[in-house]
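Thank you for asking for a reading of this model. The points below are meant for someone who is opening it without prior acquaintance, and they go from the overall layout to individual residues.

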Amino acid sequence: MFEGKKFVILGDRDGIPGPAIEECIRSGGGEVVFTTTECFV
């Protein structure tokens, strides 16, 4: 589904953290170039 695509992931501390999104992207064949989890107040 995501083969050949690169992703930058911004997770939310109170929502879905970056590493969880990263696992989903990787399992779909995507390449993650940056992952972070931030607090958006």
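1. The pairing of the strands is a good place to begin, keeping in mind that this is a predicted model. Strands β1 and β2 run parallel and are joined by seven bridges, and one residue that can be followed across is K6, whose bridge partner in β2 is E31.

2. As for the overall layout, the protein has one helix and two strands, and from the N terminus on these elements follow the order β-α-β. The C-alpha atoms fill a box of roughly 35 × 15 × 10 Å along the principal axes, and of the 41 residues, 24% count as buried.

3. Contacts across the sequence deserve a remark, since among those between residues at least 6 apart, 58% join residues at least 24 apart. A separate pair that can be checked by eye is S27 and M1, which are 26 residues apart in sequence while their C-alpha atoms lie 9.4 Å apart in space.

4. Strand β1 has two distinct faces: F7, I9 and G11 point to one of them and are buried, whereas K6, V8, L10 and D12 point to the other and are not buried. This fits what is expected in general, because side chains in a regular strand alternate between the two faces of the sheet.

5. Which residues form the nonpolar patch on the surface? The patch is made of V8, L10, V33, F34 and F40, with about 530 Å² of accessible area together, and β1 and β2 each supply at least two of its residues. F40 belongs to the segment after β2, and F40 counts as exposed because its relative accessibility is 55%, where the cut-off is over 50%.

6. T36, in strand β2 (residues 31-38), is worth inspecting in the context of its neighbours. T36 is classed as buried because its relative accessible area of 18% falls under the 20% limit. Leaving aside residues up to four places away in sequence, T36 touches I9, L10, G11 and G18, and its side chain also makes a polar contact of 2.8 Å with the side chain of E38.

7. Is S27, in helix α1 (residues 18-27), buried or exposed? S27 counts as exposed, because its relative accessibility is 65%, and its side chain reaches the backbone oxygen of C24 at 2.9 Å.

8. A last point concerns the surface as a whole, for which the accessible area comes to about 3,100 Å², with 58% of it belonging to carbon and sulfur atoms.

Conventions. Residues numbered from 1 in each chain as written. Predicted model: local features only at pLDDT ≥ 70, side-chain atom pairs only at ≥ 80, totals over all residues. Heavy atoms only, no water. Helix = DSSP H or I, 4+ residues; strand = E, 2+ residues; numbered from the N terminus. Buried < 20%, exposed > 50% of the residue type's maximum accessible area, 1.4 Å probe, protein only. Polar contact = N/O pair within 3.5 Å; in protein donor to acceptor, adjacent residues only side chain to side chain. Contact = heavy atoms within 4.5 Å. Patch = residues over 30% accessible without salt bridge, like charges linked within 9 Å, V, L, I, M, F, W, Y side chains within 5 Å. Areas by Shrake-Rupley, 256 points an atom, 1.4 Å probe, with all protein chains shown as cover. Salt bridge = Lys/Arg side-chain N within 4 Å of Asp/Glu carboxyl O. Pairing = 2+ DSSP bridges.
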